[in-house]
Amino acid sequence: MTKRPSLVITRRQAIAGASALAALPLVLPSVGFAQASEPIRLAGLVSLTGGGSPFGPSDRMAHQAVIDEVNAAGGILGRKIEYFAEDDETNPEAGVRAARKLIDVNKVSAIMSVFASAVATAVLPLCWENKVMMLAIAAADSIAMLPHQGYFVRTQPHTELQGREFANFAIKRGAKHFFVMMPQTPFTDSVMKGIKDLCGPKGIKVSTLVYDAKKTSLRSEVEEMMRATPDLLMIGGYQPDDIVLAKDVYRADYKGTSIGFAYGLTPQFIDGAGKEAAEGIYSIEPVPAAGSAAYARLKTMLKRDQLDTYVCQAYDHVNLAILSMAKAGQASGTAIRDTIRKITDDSGVKVDNAPDGVKAIADGKEINYQGASGPCRFDEHGNIIEVEFRLNQIRDGKIVVVKS
Amino acid sequence: MERILQLFANGVMAGAVLALPAIGFTTIFAVLRFANFAVAGHMAVGAFAGYVVNSWLGLPAWAAVLAAFVFAASIGVATDHVALRPLRGYRALTVAIASIALNLMVENALRFGFGNAPRNFAIPLMRDLSFGPIHIDPQQIENTIIAVVAMIILFLFLSLTTTGKAMRAVADNPALADSKGIDPDRMARIAVAIGMGLGGIGGMLIGLDASIDPLIGFRSILSVFAAAVVGGLGSVPGAVLGGLVIGLAEELSLLALPSTYKAAVGFLVILITLTLRPRGLLGPRAA
């Protein structure tokens, strides 16, 4: 026979409960102290594998280098910063798993440098629901249109803008027929729209073909392109599918001009596709602020002669997150959201790194952060406002800047 | 009409390459009765072995193909011995799930050793050959020949050698084969070696056409699985037929569907085939 639980409180239980209540005020301050002394947590959700893998490792290094520098200078708000990095595999499923870990287990305030639009689209709802700030590279127009409540900014120009750059290239070259080949991504439609909107009125015929990026051969798709006899071709994928596409385009003996996104047409692309297939392909790339103090500083930090725009953006993400929290006097995603547009004040002291900015804020000054990727100003949707592009071309196995 | 012929040619050649790992997949299933998804990782092992022999050691393509088979087979037997063999007594689904875990380990080991960057074989790219309105890449022809030769050798092995006949006996009736004194463990090792070895060649041939990276097999495994299922799991001729059916279906679907639906076409073919013939086109017990 089991003993039934009793609802009657015994004298011993009453004394224990009262003692616990009495001791509560003694315990609470120490709980508060523990929170204040805990590190501030920031995360990089970077692409270490998959299509974004040429850039993720450098992004992670930039994050870590800045955080080490800030910690060496004493941290912010009297607390050290702890950094977590997870690989999103350039894949939304893996990205969501990694983001859940960062948000639920690591309790981070910001997720930085999300590269692929598909990953950012999948992860952003987790961010705004948990009041975690996302500072992204991902460029699909649709991401900024999500109801993110301000928990999203990106330093990469949105994709319709990039599409217009491709259209301008077509117009300047006097192209007659522009054939656009892109994988299925959240930004495919907006890039194609940007191209059509500008090319159409100029009388340039635009044909489009959306392919499955996971395929190991795109011969039939290339045959379709060849039948259309375009004089300008867009190889518009990420690095792995660009390799497959470029090889098949070379084999098909395409004689026209080819162009694509710089993030797909990397030095590793040249290795993978081979020099013959890569030769002559143009790429369009948002220009980092190569003349800026932040750019020079990042080059020294990473011990590199040249930097791509994505590592510059990663550097800016971590600086923006830290400076926003320092300015807000609070370490949270909401604090970053509410303050990120207040640290690029034209009248403020120009700063190019977090330690100097933190010091200026502590001195009561307004600051104007000048990033390695450019001025980091965002519109109400989180889109970067000021951006410039440059044109590269692969010549003799090297990527050469043609026009900046 | 020209377009149909071109797509048909592309489909046949894609199917021939797909058939090799599909034969590997089905061979392992025939003897061990579980779906071994680690074939994907071993496709990558074969591709990297071929790459090392061709690009680093400077040996010709045939030596690279041989290396792809030998390395993928050896590593396949070793990983099977360590990771999957202890689970043989469990349900097929358990072992199949374990094979997915093994696949991740193999891919990550390659990533650790070679990195993620795509790599290219030291074989010059060639322009397409024209046969009237049809354009065919010489590399595709070479890949198809290699795939066909590998299949012929396998068929001769299974038909003419004592070991091959013993393997078929185990695949057909394991209990009867056991009563005849055929060592099931030895047959299992040979089946894994052949399966992973053929997967390795398949991975290398795909790499010759595109480029190689640790996920080369992962990207192809759904089509490989579809080919094996359509052909009839456990049937080697079925895997060849399944490879061709999937290759042709994916390419010819472009006549009616956008390219992005290519992968879905494979599964549509599975659905139709299994509805009409539940054990696949040439399944071992098909009526």
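## Strand S8 and its partners

In this predicted model, strand S6 (residues 177-183) of chain A and strand S8 (residues 232-235) of chain A pair in the parallel sense over 4 bridges, where strands are DSSP runs of type E with at least two residues, numbered from the N terminus, and two strands pair if DSSP finds at least two bridges between them. On this side, Val180(A) stands opposite Met234(A) of S8(A). S8(A) is also joined by 3 bridges to strand S9 (residues 257-261) of chain A, again with the two running parallel, and the partner of Met234(A) in S9(A) is Ile259(A).

In a regular strand the side chains alternate between the two faces of the sheet. In S8(A), Leu232(A) and Met234(A) point one way while Leu233(A) and Ile235(A) point the other way, and all are buried, a term that stands for under 20% relative accessible area, with exposed meaning over 50% and partly exposed the range in between (1.4 Å probe, protein chains only).

## Helix H12

Helices are DSSP runs of type H or I with at least four residues. In helix H12 (residues 293-302) of chain A, the buried residues are Ala294(A), Tyr295(A), Leu298(A) and Leu302(A). Viewed down the axis of H12(A), these buried residues fall within an arc of 100°, so they line one face of the helix; the arc is that of the directions from the helix axis to the C-beta atoms.

The cover over the buried residues of H12(A) includes helix H2 (56-72) and helix H13 (309-328) of chain A. After H12(A) comes Lys303(A), whose phi is positive, near 55°.

## Backbone angles in two loops

Most residues other than glycine have a negative phi, and most peptide bonds are trans. Thr229(A), which is not a glycine, has a positive phi near 45°, and it lies in the loop between helix H8 (219-228) and S8 of chain A. With a relative accessibility of 61%, Thr229(A) counts as exposed.

Asp396(A) likewise is not a glycine and has a positive phi of about 50°; its place is in the loop between strand S13 (389-395) and strand S14 (398-403) of chain A. Asp396(A) counts as exposed, at 53% relative accessibility.

## A buried glutamate in helix H6

Glu160(A) lies in helix H6 (residues 159-172) of chain A and is buried, with a relative accessible area of 18%. Neighbours within four places in sequence left aside, Glu160(A) is in contact (heavy atoms within 4.5 Å) with Asp141(A), Ser190(A), Lys193(A), Gly194(A) and Asp197(A).

## The chain as a whole

Chain A has 15 helices and 14 strands, and its C-alpha trace spans about 90 × 65 × 35 Å along its principal axes. Of its 404 residues, 55% are buried, and of the contacts between residues at least 6 apart in sequence, 68% join residues at least 24 apart.

The exposed area of chain A is about 16,900 Å², of which carbon and sulfur atoms supply 53%, as computed by the Shrake-Rupley method with a 1.4 Å probe; for residues, only the protein chains shown count as cover. The mean positions of the 46 positive and 45 negative charges of chain A are 5 Å apart, with Lys and Arg counted as positive and Asp and Glu as negative, His and the chain ends being left uncounted, and with each charge placed at NZ of Lys, CZ of Arg, CG of Asp or CD of Glu.

## Conventions

Residues are numbered from 1 along each chain as its sequence is written, while chains are lettered from A and ligands numbered from 1 in the order in which they are written. For this predicted model, local features need pLDDT of at least 70 and side-chain atom pairs count only at pLDDT 80 or more, whereas totals for chains, interfaces and linings use all residues, and side-chain values use heavy atoms, with hydrogens and water left out.
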